[in-house]
Amino acid sequence: MSSGIPLQYFLILATIMFFAGVYGFLTRRNLITILMSVELILNSVNINFLAFNRYLFPHKLEGMFFSIFVIAVAASEAAVAIAIIINIYRRFTTINVEDVNEMKY
Amino acid sequence: MASNQIMFILFALMITVFSVLTVTTRKILRAAVFLLFVLVSTSGLYFMLNYQFMAAIQLTLYAGGIVVLIIFSILLTSHISQKFESSGWKKNIFSALAAITGAILSIVTILDYSFSATKEAAQEVDMHLIGRSLLSVDKDGYVLPFEVISVLLLAAMIAAIVIAKKAGPAKTLSPKLNQE
């Protein structure tokens, strides 16, 4: 299926996605959109792992298992982050990072 | 041009356009939907790489689970039609500069490096093999990371419940908000 497509194309695609996530992480102020940027970054790393595994080491499965674990970590991270965001919203009635500036309550 | 190359170009265009739109759109619900498109086309890429299991995980867990979670929390915390105010042109320009510089640096490095593949025969990835290696204690087994990740998932589940549990509203308001 992946014949005729060089490995570099996958890596460049993942690079674009990664730096779109970095841009969003730097410019966004809403906590949920920051979380979405982090998901973009994690997803681009998964593409890299799978492309390396298929093109360079097709007789092994390391890249695939690593991306399974990355997905599991990303899922638990999203769950905890959203719990924290909802708790912050309850206390401050906003999830703008610049209005949430004290940890003491 | 072969059909798989056309498919790759399609997925690549979708991922590029929608991931840029995810981080630049001013409406939060649209950002979530664009993120969904990015994740679905990523699973298409996994199908092209012949990792059906990963593509299924991507669809169910990312596109199904995480995006729904994000959309739910958007609906709980903000108005649907609410627009973000622009975050200042200075911040935008410097962030774009950092991102574009990093992207160009990485792409130049990728194009410069000569990747060398092994000559070994490709292995067919079926469910049987995945299950066997996930739970085997032999040389290519992954039972330890599997156990660690299951403990992590349990901890995350308990933590999410404990954090999101409702606390008393009156005493938790910050003094600053009380004054207003």
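## Working through a helical interface

The axes of α2(A) and helix α3 (residues 52-77) of chain B approach to within 11 Å, with a crossing angle of roughly 175°. This pair comes from a predicted model, and the exercises below start with it.

**Exercise 1. Decide whether α2(A) runs roughly parallel or antiparallel to α3(B), and say which residues make the contact.**

Step 1. Take the angle, which is roughly 175°. Angles over 145 degrees count as roughly antiparallel.

Step 2. α2(A) is therefore roughly antiparallel to α3(B).

Step 3. Find the residues on each side. From α2(A) come A:Ile32, A:Leu35, A:Met36, A:Glu39, A:Asn43 and A:Leu50, and α3(B) brings B:Met54, B:Tyr62, B:Ile66, B:Ile70, B:Ser73, B:Ile74 and B:Thr77.

Step 4. Sort them by class: the contact of α2(A) with α3(B) has nine nonpolar residues, three polar and one charged.

**Exercise 2. Describe how helix α1 of chain A and helix α4 of chain B cross, and what their contact consists of.**

Step 1. Start with the geometry. Two packed helices are described by the angle and the distance between their axes. For α1 (residues 7-27) of chain A and α4 (residues 89-112) of chain B, the axes come within 9 Å and cross at roughly 160°.

Step 2. Turn the angle into a direction: α1(A) and α4(B) are therefore roughly antiparallel to each other.

Step 3. Add the hand, since the angle is not the whole description. The crossing of α1(A) and α4(B) is right-handed.

Step 4. List the partners. In α1(A) they are A:Gln8, A:Leu11, A:Ile12, A:Thr15, A:Ile16, A:Phe19, A:Val22, A:Tyr23, A:Leu26 and A:Thr27. Residues of α4(B) in this contact include B:Lys91, B:Asn92, B:Ser95, B:Ala99, B:Gly102, B:Ala103, B:Ile107 and B:Leu111.

Step 5. Sort by class: the residues of this contact divide into 14 nonpolar, seven polar and one charged.

**Exercise 3. Look at A:Phe19: is it buried or exposed, and which residues does it touch beyond its sequence neighbours?**

Step 1. Place the residue: A:Phe19 sits in helix α1 of chain A.

Step 2. Count its surroundings. A residue is buried if 20 or more other C-beta atoms lie within 10 Å of its own. A:Phe19 has 27 C-beta neighbours inside 10 Å, so it counts as buried.

Step 3. Set aside neighbours within four places in sequence; A:Phe19 is then in contact with B:Ala99, B:Gly102 and B:Ala103.

Step 4. For a sense of distance, turn to A:Phe52. A:Phe19 and A:Phe52 are 33 residues apart in sequence and 19 Å apart in space, C-alpha to C-alpha.

**Exercise 4. Do the same for A:Ser76 in helix α3 of chain A.**

Step 1. Count again: A:Ser76 has 19 C-beta neighbours inside 10 Å, so it counts as partly exposed.

Step 2. Find its partners. Neighbours within four places in sequence aside, A:Ser76 is in contact with B:Leu152, B:Leu153 and B:Ala156.

**Exercise 5. Work out how many residues each chain gives to the contact, and which helix of chain A supplies the largest share.**

Step 1. Count by chain: 65 residues come from chain A and 73 residues from chain B.

Step 2. Go through the helices. On the side of chain A that touches chain B, α1, α2 (31-56) and α3 (62-92) each supply at least two residues.

Step 3. Pick out the largest share: α3(A) gives 22 residues.

Step 4. Check the classes. The side of chain A that touches chain B has 46 nonpolar, 14 polar and five charged residues.

**Exercise 6. Find the positive phi values in A:Thr93 and B:Asn50, and compare their settings.**

Step 1. Begin with A:Thr93. Its phi is positive, about 50°, although A:Thr93 is not a glycine. A:Thr93 lies in the segment after α3 of chain A, and with 11 C-beta neighbours inside 10 Å it counts as exposed.

Step 2. Move to B:Asn50, another residue other than glycine, with a positive phi near 75°. B:Asn50 lies in the loop between α2 (28-48) and α3 of chain B. With 16 C-beta neighbours inside 10 Å, B:Asn50 counts as partly exposed.

**Exercise 7. Summarise the make-up of chain B and the confidence in chain A.**

Step 1. Chain B has eight helices and zero strands. Of its 180 residues, 19% are buried.

Step 2. Chain A averages a pLDDT of 88, and 96% of its residues score at least 70. Confidence in chain A is highest in α1(A), at 93, and lowest in α3(A), at a mean of 90.

Conventions. Residues are numbered from 1 along each chain as its sequence is written. Chains are lettered from A and ligands numbered from 1 in the order in which they are written. This is a predicted model: local features need pLDDT of at least 70, side-chain atom pairs count only at pLDDT 80 or more; totals for chains, interfaces and linings use all residues. Axes are lines fitted to C-alpha atoms, for helices over the stretch in contact, and angles run from 0 to 180 degrees between N-to-C directions. Helices (H or I, at least four residues) and strands (E, at least two) are DSSP runs, numbered from the N terminus. Angles under 35 degrees count as roughly parallel, over 145 as roughly antiparallel, 65 to 115 as roughly perpendicular and the rest as oblique. A crossing is left-handed if the near helix is turned anticlockwise from the far one by less than a right angle, and right-handed if clockwise. Two residues are in contact if their C-beta atoms, placed from the backbone, lie within 7 Å. Ala, Val, Leu, Ile, Met, Phe, Trp, Tyr, Cys and Pro count as nonpolar, Asp, Glu, Lys and Arg as charged, and the others, Gly among them, as polar. pLDDT is the predictor's confidence in each residue, from 0 to 100. A residue is buried if 20 or more other C-beta atoms lie within 10 Å of its own, exposed if 12 or fewer, and partly exposed in between; C-beta atoms are placed from the backbone.
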